[in-house]
Amino acid sequence: MTRLLIKHCHTIMTGLAGDLARHSGHDILVEDGTITAIGDLDTPDNTPVMDAKGCIAYPGWVNTHHHLFQSLLKGEAGGLNQSLGAWLAATPYRYRAAFDEQTFRVAARVGLVELLRSGCTTVADHHYLYWPGMPFDSADILFEEASALGIRFVLCRGGATQTRGLEENLPQALRPEKFDSWMADMQRLTSRYHQASETAMRQVVMAPTSSLHSTTPEQLRECADLARRSGIRLHSHLSETVDYLDAARSKFAMTPVEFCAEYGWTGPDVWFAHLVKLLPQEIALLGATGTGIAHCPQSNGRLGSGIADIIGLEQAGVKISLGVDGAGSNEAADMISETHAAWLMQRARKGMLATPRYDGGQWEGGGDAATVEDVIRWGTSGGATVLGLNGTGSLAPGMAADIALYQLDDPRYFGLHDPAIAPVVSGGRPGLRALLCAGQVVMENDNLPGVDLAQLGLDAASAVIQLQTRAGLRR
């Protein structure tokens, strides 16, 4: 049996709700990758001790929506001031043909390292960089890079069988896949990588790139049927902008959520990214079916899409989680920045709805819209629930030991009356005394073993030049 006793935490934030959000104890005992006790504990014989004096313990963050290949597209000039539709054409679609095996690997590594350094231990990557005859296996690269860093990884295998252009006029990297080939690859990936466990280190998810635009309705239903026969979950983009409402009405005479429900894409095994533009009946339908959301506040803000009604969604019964989305529309693709934004934006959203009392108003602002404890829960146990990784995501006996120990030694955290809330309310990047995933120490004293950050920065800069050159933007 392997043991580790984490001693003297200032505060332990559990990721649970209500009175359970903070533990009164200061020590955590980990045995064989599982938390076996929390409290003020004696040290068992022959047990290594990690001194966490002054540190704040959080569950490892669970990121339920990312596009790791975009880690080399941060601040890309062509899409920087565009909304979603124009941004897609200007940035991810323009560059997708420029990626080769090496630049893709660098992008994946940059994104995963960035997330780890924020205290994230589980990443669900909505990976849609596929085309017919692709010369490298991007799924293998993603799993390899995640495994090398010791992080839990969920491959949401994207794909599309239709495009708005004519196939014969498109570059190879923009051509859609054949449905049978895509489904065959889903079966291959599930057989090779998927672990059917609530504490899995590797999982696979059925994830059409866009539920409205990427497949036919019949194929969408077949995707859902195959996923459920295979015991995997379902994920896609939905209702990020008003375009979804327009498209669903013109193509199917339904709302986007009604369309998804009609073809099997609602339920407790389904979660959607964004859900910014929803009608009241759609919120009710999502809640009634126990469908989940990956809330991506920074990307939604950066693209001008809006602010999802997370409070209303949760009250309706929707399962809430947080995702950073791609770095091409979120230049700070880490979970600390995302939780900070989620906390602020829900308050801003409610405040925008305030009206004067003479016009029927009942409140001044939205300062009570979302608590720090809410945000921590959404970003940890909420994400684990959405992914079906129910043995992870919170600090409690019996749960996997995914633990972030934040050391608040930067001046931005000085003067806080309650240091436990620092990572969310103050943002920035608190240093990590340690980060554990499945009980293994993957970061210690703010250092990632085996990762040369300076060299990774040079590799990324070189890869950006290569991408710009291949995209015809640099000579």
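Leaving out neighbours within four places in sequence, Phe 99 is in contact with Phe 69, Leu 72, Phe 104, Ala 107, Leu 129, Trp 131, Phe 136, Leu 467 and Arg 470. The model is predicted. Phe 99 is also among the residues with the most contacts inside the largest nonpolar core, which has 110 residues. The whole structure holds 24 salt bridges, and the largest pocket encloses about 920 Å³ of space.

**Nonpolar cores**

- Besides Phe 99, the residues with the most contacts inside the 110-residue core are Trp 61, Met 206, Trp 265 and Leu 313.
- Helix H3 gives this core its largest share, 9 residues.
- A second core, separate from the largest one, has 18 residues, including Ile 6, Val 30, Ile 38 and Ala 57.
- As background, nonpolar side chains in soluble globular proteins tend to be buried together.

**Salt bridges**

- Glu 145 and Arg 105 form a salt bridge in which the closest N and O atoms are 2.8 Å apart. Glu 145 belongs to helix H4 (residues 138–149) and Arg 105 to helix H3 (residues 101–116), so the bridge ties together parts that are 40 residues apart in sequence.
- Are the two partners of this bridge, Glu 145 and Arg 105, buried or exposed? Glu 145 is buried, at 6% relative accessible area, and Arg 105 also counts as buried, at 17%.
- Arg 429 pairs with Asp 446, with 2.6 Å between the closest N and O atoms. Arg 429 sits in the loop between helix H14 (422–425) and strand E17 (431–437), while Asp 446 sits in the loop between strand E18 (440–444) and helix H15 (453–470); the two residues are 17 residues apart, and the pair links distant parts of the chain.
- Arg 429 is partly exposed, with a relative accessible area of 31%, and Asp 446 is partly exposed as well, at 26%.
- Glu 444 and Arg 433 meet through their side chains in a salt bridge of 3.6 Å, N to O. Glu 444 lies in strand E18 and Arg 433 in strand E17, so this pair ties together parts that are 11 residues apart in sequence.
- Within that pair, Glu 444 is partly exposed at 36% relative accessible area, whereas Arg 433 counts as buried at 16%.
- Asp 137, Arg 157, Glu 177, Asp 185 and Arg 188 are joined into one network by salt bridges that share partners.

**Largest pocket**

- The pocket of about 920 Å³ is lined by 37 residues, and those closest to its centre are Leu 88, Tyr 93, Thr 209, His 213 and Ser 214.
- Which helices each supply at least two residues of this lining? They include helix H1 (84–90) and helix H7 (242–252).
- The largest share of the lining, 5 residues, comes from H1.
- By class, the lining of this pocket has 13 nonpolar, 16 polar and 8 charged residues.

**Cavities**

- There are 2 cavities of 30 Å³ or more.
- The largest cavity has about 40 Å³ of space. Its lining consists of Pro 59, Gly 60, Val 62, Thr 121, Thr 122, Thr 392, Gly 393, Ser 394, Leu 395, Ala 400 and Asp 402.
- Sorted by class, the lining of the largest cavity has 4 nonpolar, 6 polar and 1 charged residues.
- About 30 Å³ of space lies in the second largest cavity. Met 13, Thr 14, Gly 15, Leu 16, Ala 21, Glu 373 and Ile 376 line the second largest cavity, and they divide into 4 nonpolar, 2 polar and 1 charged.

**Positive phi outside glycine**

- Ser 239 has a phi near 50°, a positive value in a residue other than glycine. Ser 239 is in the loop between strand E12 (233–238) and H7, and counts as buried at 0% relative accessibility.
- Ala 253 has a positive phi too, near 55°. Ala 253 is in the loop between H7 and helix H8 (256–262), and at 67% relative accessibility counts as exposed.

Notes:
Residues numbered from 1 in each chain as written. Predicted model: local features only at pLDDT ≥ 70, side-chain atom pairs only at ≥ 80, totals over all residues. Heavy atoms only, no water. Salt bridge = Lys/Arg side-chain N within 4 Å of Asp/Glu carboxyl O. Helix = DSSP H or I, 4+ residues; strand = E, 2+ residues; numbered from the N terminus. Buried < 20%, exposed > 50% of the residue type's maximum accessible area, 1.4 Å probe, protein only. Core = buried A, V, L, I, M, F, W, Y, C linked by side-chain atoms within 4.5 Å. Contact = heavy atoms within 4.5 Å. 1 Å grid on protein atoms, 1.4 Å probe; cavity = no way out; pocket = protein on both sides within 12 Å on 5 of 7 lines; lining within 4 Å. Points joined across faces, edges and corners; volume = space filled by probe spheres on them. Nonpolar A, V, L, I, M, F, W, Y, C, P; charged D, E, K, R; others polar.
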